[in-house]
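Thanks for coming. I will walk through one structure this morning, starting with a small detail and then moving outward.

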Amino acid sequence: MSKLYSQSREAIFFFNTAGRVLYMNPAAERIVDDEVLRQLYEGHAETICRVCRGYMSETELRTCIACYFTNPESERFSSFQVYLDTVGKGVIPYAASYHTLADEDVHVLMLRDLSQQFKTQESFYQNKMMKHVIHAQENERRRISRELHDSVAQELMSAVIDLRVLKYMTGEEELLKKMRQTEESMTRLLDDIRNLAVELRPAALDDFGLEAAFRSHFKRIQQSYGVTIGFESNLDQQRYGSELETVVYRIGQEAILNALKYADVDHIELMLREENGRIWLIIEDHGNGFDPADDPIGTGLGLYGMQERAELVGGKVSIYSEKGKGTRITLDIPIISNTHGEGQ
């Protein structure tokens with residue numbers, strides 16, 4: 001018991017009924033500075049209040065109303081949360097318990113540091129919130145994409161067809177010329193709307209999976225930019241959770257966009273594979289490259305966004321680049337932890 005008391009990571013204070021400290025274990029002594037420690041041992045009244053920043057009640061995060069020292073017999077103080085201003089660490093939350101030893105006028109205050117648990121909880125809730133945000137974004141992208149394709153594009157196509165019919169109802173050359181010009185403009189606009197709808201949320205990703213979505217995307221890249229993309233995959237028609245597929249597709253899409261913007265290349269390589277229970281996505285170019293230690297060209301939000309998306313599904317993005325020697329971006333995601341996740 002003596003070793004448990006002296007070696008415990010929990011801070012343990014023994015007080016008498018007058019509030020004077022009788023004993024403190026080493027963990028408790030490390031919490032307070034030397035002056036407070038001296039005053040505690042000398043029995044100065046309410047010395048603990050110099051470091052205590054209040055306990056958590058049902059209505060307040062930190063309060064001193066009906067303090068555990070003034071009302072130690074209250075059942076609510078058998079276990080509670082308290083904040084102490086500690087040496088070198090600032091205000092730290094502690095899980096506290098306050099007990100009265102049977103048949104003795106001695107009270108025991110035990111404190112366990114909760115800062116690590118709070119950081120874990122904060123990270124968990126941030127991750128969960130980000131998942132909700134991205135889930136909402138993808139749903140909105142899907143809605144707008146379908147609206148553009150099923151409504152706007154269809155109405156525009158109907159107008160183009162009507163214009164083509166009107167060309168046969170007149171023989172005036174000037175009017176025919178104007179109609180042809182308008183038809184060409186509307187046809188280009190129709191193509192732009194269809195491309196925008198696909199970029200927002202490719203139907204192939206929802207209907208057929210990653211391979212089909214990537215192949216469709218690469219075809220549009222080649223048509224629009226003249227850049228060829230070498231694509232290697234062993235997934236075939238295999239499907240994964242919607243969340244995982246969305247993350248892989250968006251990271252691949254962003255990596256290719258970055259290469260188009262900054263690499264100055266006419267060929268990009270992309271490999272998509274499943275190996276040993278993991279999904280691997282590798283995008284590589286032999287273009288300009290950059291020094292990862294430098295500030296990235298542009299805003300840098302693209303690289304940050306890739307890392308952030310990967311972390312949501314337990315994955316990791318690694319970026320290897322060197323000036324004049326190109327860039328390789330690798331995404332590694334475990335499949336097992338994502339097979340039963342909610343779809344986006």
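Which backbone nitrogen does a side-chain oxygen of Asp-33 reach at the start of α3? That nitrogen belongs to Glu-35, and the oxygen of Asp-33 comes to within 3.2 Å of it. Before going on, please keep in mind that this is a predicted model.

Let me stay with α3 for a moment. The helix covers residues 34-42, and Val-36, Leu-37, Gln-39 and Leu-40 are buried in it. Viewed down the axis of α3, the buried residues fall within an arc of 165 degrees, so they line one face of the helix. The general background is that an α-helix has 3.6 residues a turn, so residues three or four places apart point the same way. What do the buried residues of α3 pack against? Their partners are β1 (11-16), β2 (21-24) and α2 (26-29). Just after α3 comes Gly-43, with a positive phi of about 80 degrees.

That brings us to β1. Five of the six residues in β1 are buried, which leaves the strand mostly covered. β1 pairs with strand β6, residues 106-113, through six bridges, and the two run antiparallel. β1 is also joined to β2, again antiparallel, by three bridges. Phe-13 is a useful residue to find on the screen. Opposite Phe-13 in β6 stands Leu-109, and opposite Phe-13 in β2 stands Met-24. The hairpin of β1 and β2 has four residues between the strands, and Gly-19 there takes a positive phi near 90 degrees.

Now to the other part I want to show. In what order do the five strands of the open sheet come? The order is β7-β8-β9-β11-β10, with mixed pairing. At the edges are β7 (228-233) and β10, each of which pairs on one side only. On average, and ignoring direction, neighbouring strands in this sheet are turned by 10 degrees against each other.

Let me go through some of the pairings. β7 and strand β8, residues 267-275, run parallel and are joined by six bridges. In that pairing, Ser-233 has Leu-272 of β8 opposite.

Next is β11, which spans residues 326-334 and is mostly covered, with eight of its nine residues buried. Strand β9, residues 278-285, pairs with β11 in the antiparallel sense over eight bridges. Within that pairing, Ile-279 has Ile-333 of β11 as its bridge partner. Strand β10, residues 316-322, is also antiparallel to β11, and that pairing has seven bridges. Glu-322 faces Gly-326 of β11. Three residues lie between the strands in the hairpin of β10 and β11, where Gly-324 has a positive phi near 80 degrees.

Two helices go with this sheet. Helix α8, residues 242-263, lies across β7, β8, β9, β10 and β11, and it runs at about 10 degrees to β9. The other helix is α7. Going back to the β7 and β8 pair, which has six bridges, helix α7 (residues 210-225) packs on the sheet and touches β7, β8 and β9. The direction of α7 makes about 170 degrees with that of β7.

One residue of α7 deserves a separate look, and that is Glu-211. Is Glu-211 buried or exposed? Its relative accessibility is 11%, and the cut-off for buried is under 20%, so Glu-211 counts as buried. Which residues does Glu-211 contact, leaving aside its neighbours within four places in sequence? They are Phe-231, Ser-233, Asn-234, Leu-235 and Asp-236. Ser-233 came up earlier, as the residue opposite Leu-272 in β8.

Finally, the chain as a whole. Its secondary structure comes to nine helices and eleven strands. The radius of gyration is 32 Å, well over the 20 Å that the globule rule gives for 344 residues, so the chain is more spread out than a compact globule. Along the principal axes, the C-alpha atoms fill a box of roughly 110 × 45 × 35 Å. Buried residues account for 39% of the 344 residues. Taking contacts between residues at least 6 apart in sequence, 56% join residues at least 24 apart.

That is what I had to show.

Conventions
Residues are numbered from 1 along each chain as its sequence is written. This is a predicted model: local features need pLDDT of at least 70, side-chain atom pairs count only at pLDDT 80 or more; totals for chains, interfaces and linings use all residues. Side-chain values use heavy atoms; hydrogens and water are left out. Buried means under 20% relative accessible area, exposed over 50%, partly exposed in between (1.4 Å probe, protein chains only). Two strands pair if DSSP finds at least two bridges between them. The arc is that of the directions from the helix axis to the C-beta atoms. Contact means heavy atoms within 4.5 Å. A polar contact is a pair of N or O atoms within 3.5 Å; within protein, one must be able to donate a hydrogen and the other to accept it, and residues adjacent in sequence count only if both atoms are side-chain atoms. Axes are lines fitted to C-alpha atoms, for helices over the stretch in contact, and angles run from 0 to 180 degrees between N-to-C directions. The radius of gyration is taken over C-alpha atoms; the globule rule is 2.2 Å times the number of residues to the power 0.38.
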